[in-house]
Amino acid sequence: TMSERNLGSVLLRGGRILDCAGTDIISDVLVTDGVIVEVGPALGLPNGATVLDAHGAIVSSGLVDIQVHFREPGGEDAE
């Protein structure tokens, strides 16, 4: 299960954070074992964390295309 897996830590550096609450800031995001644990400027780097440069990228949770159609096999051109 997800709780049994150790995914480690990922630090997203300097991304533009957008969320449904209206947040629009440039900041770092620390994700540990699949859970956002800290958001803030210039976060420290945990031991063994993977760092991803998010400058110029948007950091947001769960964007979903609600207008998707699965037309396979065949009919792909209908979209």
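Five bridges join strand E2 to strand E3, and the two run antiparallel. The model described here is predicted. In the E2–E3 pair, threonine 32 stands opposite valine 35 of E3. Strand E2 covers residues 24–32, and strand E3 covers residues 35–40. The hairpin formed by E2 and E3 has two residues between the strands. Aspartate 33 lies in this loop. Its phi is positive, about 50 degrees, although aspartate 33 is not a glycine. Most residues other than glycine have a negative phi. Aspartate 33 is partly exposed, with a relative accessible area of 32%. Serine 9 lies 24 residues away from aspartate 33 in sequence. In space, the C-alpha atoms of aspartate 33 and serine 9 are 6.3 Å apart.

A positive phi also occurs at alanine 42, at about 50 degrees, and this residue is not a glycine either. Alanine 42 sits in the loop between E3 and strand E4, the latter spanning 50–53. Alanine 42 counts as exposed because its relative accessibility is 68%, and the class begins over 50%.

Strand E1 takes in residues 9–18. Its pairing with E2 is antiparallel and runs over eight bridges. Within this pair, leucine 18 stands opposite aspartate 24 of E2. The E1–E2 hairpin has five residues between the strands. Glycine 22 in that hairpin takes a positive phi near 95 degrees.

E1 has parallel partners too. E1 and E4 pair in the parallel sense over four bridges. Leucine 11 has valine 51 as its bridge partner in E4. Two bridges join E1 to strand E5, which consists of residues 58–59, and this pair is also parallel. Here isoleucine 17 stands opposite valine 59 of E5.

The salt bridges come to two by count. In one, the side chains of arginine 13 and aspartate 28 meet at 2.6 Å, N to O. This pair links distant parts of the chain, with arginine 13 in E1 and aspartate 28 in E2, 15 residues apart. Arginine 13 counts as partly exposed at 25% relative accessibility. Aspartate 28, by contrast, is buried, with a relative accessible area of 5%. The assignment follows because 5% falls under the 20% limit for buried residues. In the other salt bridge, the side chains of arginine 16 and aspartate 24 meet at 2.7 Å, N to O. Arginine 16 is partly exposed at 36% relative accessibility. Aspartate 24 is likewise partly exposed, with a relative accessible area of 44%.

Aspartate 28 also makes polar contacts with the backbone. Its side chain reaches the backbone nitrogen of glycine 14 at 2.8 Å. The side chain of aspartate 28 also reaches the backbone nitrogen of alanine 42, at 3.3 Å. Alanine 42 is the loop residue with the positive phi of about 50 degrees described above. Sequence neighbours within four places aside, aspartate 28 is in contact with Leu11, Leu12, Arg13, Gly14 and Ile17 among others. Further contacts of aspartate 28 include Glu38, Val39, Gly40, Pro41, Ala42 and Leu43. The buried aspartate 28 thus has a salt-bridge partner in arginine 13 and backbone contacts at glycine 14 and alanine 42.

In soluble globular proteins, nonpolar side chains tend to be buried together. The largest nonpolar core of this model has five residues in all. Its members are Leu12, Ile17, Val29, Ala54 and Val59. Ile17 and Val59 are also the residues that stand opposite each other in the pairing of E1 with E5. Contacts of isoleucine 17, again leaving aside neighbours within four places in sequence, include the core members Val29 and Val59. The other contacts of isoleucine 17 are Thr23, Asp24, Ile25, Ser27, Asp28 and Val39. Among these, Asp24 forms a salt bridge with arginine 16, and Asp28 forms one with arginine 13.

Key:
Residues numbered from 1 in each chain as written. Predicted model: local features only at pLDDT ≥ 70, side-chain atom pairs only at ≥ 80, totals over all residues. Heavy atoms only, no water. Buried < 20%, exposed > 50% of the residue type's maximum accessible area, 1.4 Å probe, protein only. Pairing = 2+ DSSP bridges. Polar contact = N/O pair within 3.5 Å; in protein donor to acceptor, adjacent residues only side chain to side chain. Contact = heavy atoms within 4.5 Å. Core = buried A, V, L, I, M, F, W, Y, C linked by side-chain atoms within 4.5 Å. Salt bridge = Lys/Arg side-chain N within 4 Å of Asp/Glu carboxyl O.
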